[in-house]
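Reader: I should be grateful for a close look at one part of this protein, set in the context of the chain to which it belongs. Please treat the open sheet and the loop within it with particular care.

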Amino acid sequence: MKNLLHTILLGALMLGCPAAVFAEELFDGPESEVAVPTLTIENKSVCVCGANGEVLNIYNLAGVKVASYRIDSAEKTIALNLPKGSYIFKIGSIARKVSIRG
């Protein structure tokens with residue numbers, strides 16, 4: 001009786017595995033690359049690439065929004081008129097801490 005129970009359990013486990021693999025293959029969607037915006041900061045300007053139609057928000061470390069810029073091209077350079085200090089630049093889901101020096 002014990003051997004019969006083990007055989008049934010083993011058979012059920014073996015039958016369940018291919019179904020799990022098939023289900024994973026069935027629901028595995030096509031791979032697509034998502035463009036991630038890039039921020040490059042030099043002196044008192046920022047170059048934003050790959051964020052056409054997004055908004056660049058700049059916050060001070062207290063969380064207060066100090067500037068906002070609409071990105072209307074594939075590559076945009078923005079001259080920053082910010083006093084020296086530390087800021088958080090946020091565009092889409094990307095956030096970056098930046099220090100502006102003199």
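To begin with the setting, what percentage of the residues in the chain is buried? Please then take me through the open sheet: what is the order of its strands, and where is N43 placed?

Author: The model is a predicted one, and the values that follow are computed from it. Of the 102 residues in the chain, 19% are buried. The accessible surface of the chain amounts to about 7,800 Å², and carbon and sulfur atoms account for 59% of that area. As to its elements, the chain contains 1 helix and 7 strands. Read from the N terminus, their succession is α-β-β-β-β-β-β-β, with the helix ahead of the strands. Contacts across the sequence may be described as well: of those between residues at least 6 apart in the chain, 43% link residues at least 24 apart.

I turn now to the sheet. It is an open sheet of 3 strands, arranged in the order β1-β2-β5 with antiparallel pairing. Its edges are formed by β1, residues 38-42, and β5, residues 75-79, each of which pairs on one side only. On average, and with direction ignored, neighbouring strands of this sheet are turned by 20° against each other. Between β1 and β5 in the sheet order stands β2, which comprises residues 45-49 and pairs with β5 in the antiparallel sense over 5 bridges. One position can be named in this pairing: C47 has T77 of β5 as its bridge partner.

The loop between β1 and β2 is where N43 is found. The phi of N43 is near 50°, which is a positive value in a residue other than glycine. By way of background, most residues other than glycine have a negative phi. N43 has a relative accessible area of 74% and therefore counts as exposed, the cut-off for that class being over 50%.

For completeness, the start of the chain also deserves a word. M1 lies in the segment before α1, the helix of residues 2-27. Because its relative accessible area is 84%, M1 is classed as exposed. Together with L4 and I8, M1 forms a nonpolar patch on the surface, and the accessible area of these residues together is about 390 Å².

Technical notes:
Residues numbered from 1 in each chain as written. Predicted model: local features only at pLDDT ≥ 70, side-chain atom pairs only at ≥ 80, totals over all residues. Heavy atoms only, no water. Patch = residues over 30% accessible without salt bridge, like charges linked within 9 Å, V, L, I, M, F, W, Y side chains within 5 Å. Areas by Shrake-Rupley, 256 points an atom, 1.4 Å probe, with all protein chains shown as cover. Salt bridge = Lys/Arg side-chain N within 4 Å of Asp/Glu carboxyl O. Helix = DSSP H or I, 4+ residues; strand = E, 2+ residues; numbered from the N terminus. Buried < 20%, exposed > 50% of the residue type's maximum accessible area, 1.4 Å probe, protein only. Pairing = 2+ DSSP bridges. Axes fitted to C-alpha atoms, helices over the stretch in contact; angles between N-to-C directions. Contact = heavy atoms within 4.5 Å.
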